[in-house]
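Reader: Please take me closely through one part of this model. I am new to this, and I would like the terms explained as you go.

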Amino acid sequence: MSQSSAINRSLCVAAFAVVAAPWCPVALLRLSAQQHDEGLHERFKTEAPVKWAEYRRRAENLQGKMTMSASIDGRRDAAKKSEYLRNATSRRLLEQSVLPGDSTGTMYVVNPRYSFILKRSAPDAAWLLDSVNTSESGGSTELIGRRLSSPSLAVQVLTSMYAMPLLDVVQKSNFKVRTVRRANVGGQSLVEVRFDYPNVWRKEEDQTYIPIQSGVLWLDPEQFWCVREAELHLKTLVGTGVHTERREFVVKNGSFPIPTRGGSEQNWKLSEGKTMKIQSVSEMDLDVPATLPDDEEFRLSAFGLPEPHGVEWKKP
């Protein structure tokens, strides 16, 4: 993978996936007990995966609006507003750039019959059809599938690490817990989990490489073992880095935590003696609607465009 590819991957994870620098880059004061707590370790192994799975089910239909901005070495590199909608069978994502000089927008949509991409030149411009796929698999092309996976991960950010669900990560054979202990973080009693997660770059073409080598998670066992803070140590062919992140959430009506804000910062030591800092901040206005969006919201006709040839929907 080229240096630019590695940097782009890091920017993607740091920014949109909402494993989102801190809006206040000063880390919260953390006070930890000195010894490993075997009882807490056992709770982490048995309770946390169960709670993460429950959270995944409860948060499945979270949707709403998100804003994100990211910078590289202080230069604003990305800024966009997004809106994510879904129901039992369909999903759609609007991405609207708010970078100076770039007002383009893109809509990614998939329904049971087809998928499509729309584009527009400005927020008040008409949508134009970019592509449509009516394959028997439901029409979810690789690009659309990849883009629609981002908001899914974003709304699940509280139980994810570097855009990867913790429920999956802890089952990997190379994930090894070093210590588990209580820690006071900003006045909150959390569980600190230090771990090793060595990943080897096997070939330059490998686009699925995970750069994490080790790290620390600060989890809230009273709230589905959600991640409050994290520090990850990264390694790629172009250098080594430290990724730190913080997350905020609200609990509405005693249900489950809903992410509201996140920030991340990556500090890289690159080959050739160079350094690089990637920062991002994200804000989210999410909820599970009492009534999920109608199927019609995920069709071309919702945007004033004709349905694909041969596609007919049953009338209600």
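Author: A residue is buried when its relative accessible area is under 20%, exposed when it is over 50%, and partly exposed in between (1.4 Å probe, protein chains only). This is a predicted model: local features need pLDDT of at least 70, side-chain atom pairs count only at pLDDT 80 or more, and totals for chains, interfaces and linings use all residues. Residues are numbered from 1 along each chain as its sequence is written, and side-chain values use heavy atoms, leaving out hydrogens and water.

Let us look at the aromatic rings. Rings of Phe, Tyr and Trp (its six-membered ring) pair if their centres lie within 6.5 Å. Planes under 30 degrees apart are stacked, those over 60 are edge-to-face, and the rest are tilted. The structure holds 10 aromatic pairs. One of them joins F44 and W52. Their centres are 6.0 Å apart, the planes meet at 80°, and the pair is edge-to-face. Both partners are buried: F44 has 4% relative accessibility, and W52 has 2%.

Another edge-to-face pair is F175 with Y197. Here the centres are 5.9 Å apart, with 70° between the planes. This pair links distant parts of the chain, 22 residues apart. F175 sits in the loop between helix 4 (166–169) and strand 10 (176–185). Y197 sits in the loop between strand 11 (188–196) and strand 12 (212–220). Helices (H or I, at least four residues) and strands (E, at least two) are DSSP runs, numbered from the N terminus. F175 is buried because its relative accessibility is 8%. Y197 is buried too, with a relative accessible area of 1%.

Five rings form one aromatic cluster: Y114, F116, W127, F303 and W313. W313 also has a charge over its ring: the charged end of R299, 3.8 Å from the centre. The rule is that NZ of Lys or CZ of Arg lies within 6 Å of the ring centre and within 35 degrees of the ring normal. K51 lies over the face of F224 in the same sense, 5.3 Å from the ring centre.

Now the setting. The chain has 4 helices and 16 strands. Of its 316 residues, 47% count as buried. Take strand 4 (residues 91–97): 6 of its 7 residues are buried, so it is largely enclosed by the rest of the structure. Two strands pair if DSSP finds at least two bridges between them. Strand 3 (residues 75–86) runs antiparallel to strand 4, with 7 bridges. A hairpin of 4 residues joins strand 3 to strand 4. Y84 stands opposite L93 in strand 4. Strand 4 also pairs with strand 5 (residues 105–110), again antiparallel, over 6 bridges. There, R92 stands opposite V109 in strand 5.

How far can you trust the picture? Use pLDDT, the predictor's confidence in each residue, from 0 to 100. The chain's mean is 86, and 86% of its residues reach 70 or more. Among the elements, strand 12 has the highest mean, 97, and helix 1 (residues 3–14) the lowest, 46. Over residues 1–9 the pLDDT stays under 50, with 17 contacts beyond four places in sequence (contact: heavy atoms within 4.5 Å). Residues 11–28 are also below 50, with 74 contacts beyond near neighbours in sequence. Where pLDDT is low, the predicted coordinates should not be read in detail.
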